[in-house]
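Me: Please take a close look at one helix in this model and go through it residue by residue where that is useful. Then set it beside the rest of the chain, with the numbers kept in.

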Amino acid sequence: MKPRQRTKIATLTFKREELLYDIGSYAYVEGDVMRTDDDHSRHQVIDITQDGNVDLVTRKLNLVHSECVEMMYPYTKLPCEEEESRDDQLQDASEYTIRLLVPNDFSKTTVTLLSELVHEYMVCRVLADWMKLTNPQSTADWQGKSEELSNKIRCCLNARCGRVRRTLTPF
């Protein structure tokens, strides 16, 4: 069986502002429904995207983006340059991009689904780590949701197999 050629490029772009908006919205709801009379604890949950906290969120988004690229390794792998180097300076990207080299018959609907799943995964992973710090009771929920989304992303990519051919039978 001849391997399928990968010649098409699908680009997934995630705007930082959109991710921060969703993270902030979920955190607001989480803080609003907290069963506590301690307003300080509540505002710690809600203030995830405020000035002092947004740097932590940005670092986490950078990490989660890298995890997503690695999660889709068969479609995202890039050869190393002659010499690769990185530092730990905070990168404040306005958008996160994932370029996938996909087979010619890769479905547009799969690209759309991947985009939605990755966006939600990035949001949930950031919230899971934030809740570890501010509201440990809900950490497991956010971790569970991010693991579920990770599995869906992998499943979505692993479902990409050759065409199913059914043999004709007279019965």
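Reply: Val64 is buried, with a relative accessible area of 0%. The model is a predicted one. Val64 belongs to helix H3, and its C-alpha atom is 15 Å from that of Gly144, a residue 80 positions away along the chain. Gly144 falls within the range of helix H6, residues 139-158, and H6 is the part to examine here.

H6 is made up of 20 residues. From its first C-alpha to its last it reaches 28 Å, close to the 28 Å expected at 1.5 Å a residue. Its buried residues are Thr139, Trp142, Ser146, Leu149, Ser150, Ile153, Cys156 and Leu157. Seen down the axis of H6, these buried residues fall within an arc of 125°, so they line one face of the helix. An α-helix has 3.6 residues a turn, so residues three or four places apart point the same way. The face turned away from the buried side of H6 carries exposed residues, namely Ala140, Asp141, Glu147, Asn151, Cys155 and Asn158. Cysteine thus turns up in both lists: Cys156 is among the buried residues, while Cys155 is among the exposed ones.

Which residue of H6 takes part in an aromatic pair that ties together separate parts of the chain? Trp142 does, with Tyr26 of helix H1 (residues 16-32) as its partner, so the pair links parts that are 116 residues apart in sequence. A search of the whole structure finds two aromatic pairs, and this is one of them. The ring centres of Tyr26 and Trp142 are 5.3 Å apart and the planes meet at 65°; the pair counts as edge-to-face because the angle is over 60 degrees. Burial is not equal for the two partners: Trp142 has a relative accessible area of 9% and is buried, whereas Tyr26, at 28%, counts as partly exposed.

H1 also holds Glu17, which is exposed at a relative accessible area of 55%. The C-alpha atoms of Glu17 and Val33 are separated by 24 Å, with their positions 16 residues apart along the chain. A contrast comes from Arg42 in helix H2, residues 39-46. Arg42 and Gly31 are eleven residues apart in sequence and 5.0 Å apart in space, C-alpha to C-alpha. Despite its charged side chain, Arg42 counts as buried, at 18% relative accessibility.

H3, the helix of Val64, also helps to line the largest pocket. About 450 Å³ of space lies in that pocket. Its lining consists of 20 residues, and Val69, Thr76, Lys77, Leu78 and Arg99 lie nearest the centre. Strand E1 (6-15), H3 (51-71), helix H4 (73-76) and strand E2 (95-103) each supply at least two lining residues. E2 gives the most, with five. By class, the lining has eleven nonpolar, three polar and six charged residues.

In the loop between H4 and E2 sits Glu84. Glu84 is partly exposed, with a relative accessible area of 34%. Between the C-alpha atoms of Glu84 and Met131 there are 34 Å, and the two residues are 47 apart along the chain.

To return to H6: one face is lined by its buried residues, the face turned away from them carries exposed residues, and Trp142 pairs with Tyr26 of H1.

How values were computed. Residues are numbered from 1 along each chain as its sequence is written. This is a predicted model: local features need pLDDT of at least 70, side-chain atom pairs count only at pLDDT 80 or more; totals for chains, interfaces and linings use all residues. Side-chain values use heavy atoms; hydrogens and water are left out. On a 1 Å grid over the protein atoms alone, a cavity is a set of points where a 1.4 Å probe fits but cannot get out, and a pocket is an open set with protein on both sides within 12 Å along at least five of seven lines; lining residues have an atom within 4 Å of a point. Grid points are joined across faces, edges and corners, and a volume is the space filled by probe spheres set on the points. Helices (H or I, at least four residues) and strands (E, at least two) are DSSP runs, numbered from the N terminus. Rings of Phe, Tyr and Trp (its six-membered ring) pair if their centres lie within 6.5 Å; planes under 30 degrees apart count as stacked, over 60 as edge-to-face and the rest as tilted. Buried means under 20% relative accessible area, exposed over 50%, partly exposed in between (1.4 Å probe, protein chains only). The expected span of a helix is 1.5 Å times one less than its number of residues. The arc is that of the directions from the helix axis to the C-beta atoms.
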